[in-house]
Number of protein chains: 2
Amino acid sequence: MRHHHDIQALRKQGFRLTRQRMLILELLRSSERHMTADQIYAEVSQHHPEINLATVYRTLQWLHQVGLLRKIDVGKDRLEYEYAHDAEHHHLICKVCGDQTQIDNHVIQTLQAHILEHYGFEADPDHVALFGRCAQCRAAETE
Amino acid sequence: MRHHHDIQALRKQGFRLTRQRMLILELLRSSERHMTADQIYAEVSQHHPEINLATVYRTLQWLHQVGLLRKIDVGKDRLEYEYAHDAEHHHLICKVCGDQTQIDNHVIQTLQAHILEHYGFEADPDHVALFGRCAQCRAAETE
DNA sequence: CGCCTTATTGCAAATACTTGCAATAAGCAG
DNA sequence: CTGCTTATTGCAAGTATTTGCAATAAGGCG
């Protein structure tokens with residue numbers, strides 16, 4: 001399952017999968033809606049009163065940075081967060097041979113971050129598709 | 001001139017062009033860089049000590065909503081703002097309102113370089129189009 | 001110009017979010 | 001399972017941002 005895959009990869013990168021992080025991620029993953037930090041805090045602390053609001057904020061920041069959450073500015077006084085389903089389905093489509101390559105999140109996330117940063121535009125990760133010429137076709141063209 | 005045009009249009013929509021708003025807009029327009037709320041406050045209050053920080057925040061929100069400023073979340077503890085000059089070339093297409101924004105080369109060039117380097121894929125710069133939600137629709141989506 | 005309506009401001013208080021630091025616990029090695 | 005290293009947490013205090021409300025002033029009208 002993709003979810004587990006991501007999570008385990010993160011552990012290998014030296015991040016720790018704490019109870020708090022899992023609780024928050026699971027909540028957002030099972031909830032279909034955006035949630036604000038304090039809604040999340042309220043939900044989680046219902047069953048785990050020991051959790052701290054500062055931890056919620058820090059965890060949300062972290063989950064956003066590693067690409068598991070989207071951060072949404074709805075123009076109100078708070079930010080909202082939602083689980084980033086299918087965060088890595090991007091494609092490079094070759095105009096010559098039609099081949100489609102998948103590319104990893106990191107590159108696209110960098111682009112998305114740039115765009116959000118500079119234009120306030122939240123690019124939809126499900127529709128990123130770049131056209132061009134793949135490595136093989138480029139090589140072939142050179143003879 | 002586009003700037004004046006915009007501004008006058010706003011007045012017709014019932015907004016008031018106050019000294020505070022003009023000062024802040026001019027500052028950002030003449031400054032090439034991003035600025036945080038308190039940097040702006042510091043600058044403006046230098047010559048206009050009567051200005052209030054809350055007003056700065058409210059004005060920034062307003063300028064952002066009417067599309068004259070971009071709001072930039074650089075992942076630090078504060079938000080930054082920059083004047084929304086007309087950019088060039090590629091497009092960001094809003095799935096909500098259909099609006100097309102042009103984005104500048106720099107961002108795309110960075111992406112292209114990344115992709116060429118990591119995938120040997122030469123992305124065609126003329127066909128970059130990203131779908132998503134524009135700043136205004138994101139702000140408007142007040143649910 | 002002077003009056004009127006009401007959007008906007010300034011102030012102060014409230015709320016949202018971040019951070020320093022000591023204590024805790026995840027994950028690895030033995 | 002046990003001990004060690006250090007990422008992460010909780011707490012409390014700090015900083016950033018928003019908001020209610022009375023006072024001010026922009027812009028329209030005569």
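**View 1. Which parts of DNA strand C face the protein.** Of the DNA strand C atoms within 4 Å of the protein, 71% belong to sugar or phosphate, and the rest to bases. This is a predicted model, in which local features need pLDDT of at least 70 and side-chain atom pairs count only at pLDDT 80 or more, while totals for chains, interfaces and linings use all residues. Residues are numbered from 1 along each chain as its sequence is written, chains are lettered from A and ligands numbered from 1 in the order in which they are written, and side-chain values use heavy atoms, with hydrogens and water left out.

**View 2. The protein surface near DNA strand C.** Here 23 residues surround the strand, where near means that a residue has a heavy atom within 4 Å of it. The closest are A:Leu17, A:Tyr57, A:Arg78, B:Arg21 and B:Thr55. By type, six residues of this surface are nonpolar, seven polar and ten charged. Helix H4 (53-65) of chain A, as well as helices H2 (19-30) and H4 (53-65) of chain B, each supply at least two residues; a helix is a DSSP run of H or I with at least four residues. The largest share, four residues, comes from H4(A).

**View 3. Close-up of the phosphate oxygens.** Look for polar contacts, pairs of N or O atoms within 3.5 Å. A:Tyr57 has a polar side-chain atom 2.6 Å from a phosphate oxygen of DNA strand C. For B:Thr55, too, a polar side-chain atom lies 2.6 Å from a phosphate oxygen of this DNA strand. B:Glu50 instead uses a backbone N or O atom, 3.0 Å from a phosphate oxygen.

How values were computed:
A polar contact is a pair of N or O atoms within 3.5 Å; within protein, one must be able to donate a hydrogen and the other to accept it, and residues adjacent in sequence count only if both atoms are side-chain atoms. Ala, Val, Leu, Ile, Met, Phe, Trp, Tyr, Cys and Pro count as nonpolar, Asp, Glu, Lys and Arg as charged, and the others, Gly among them, as polar.
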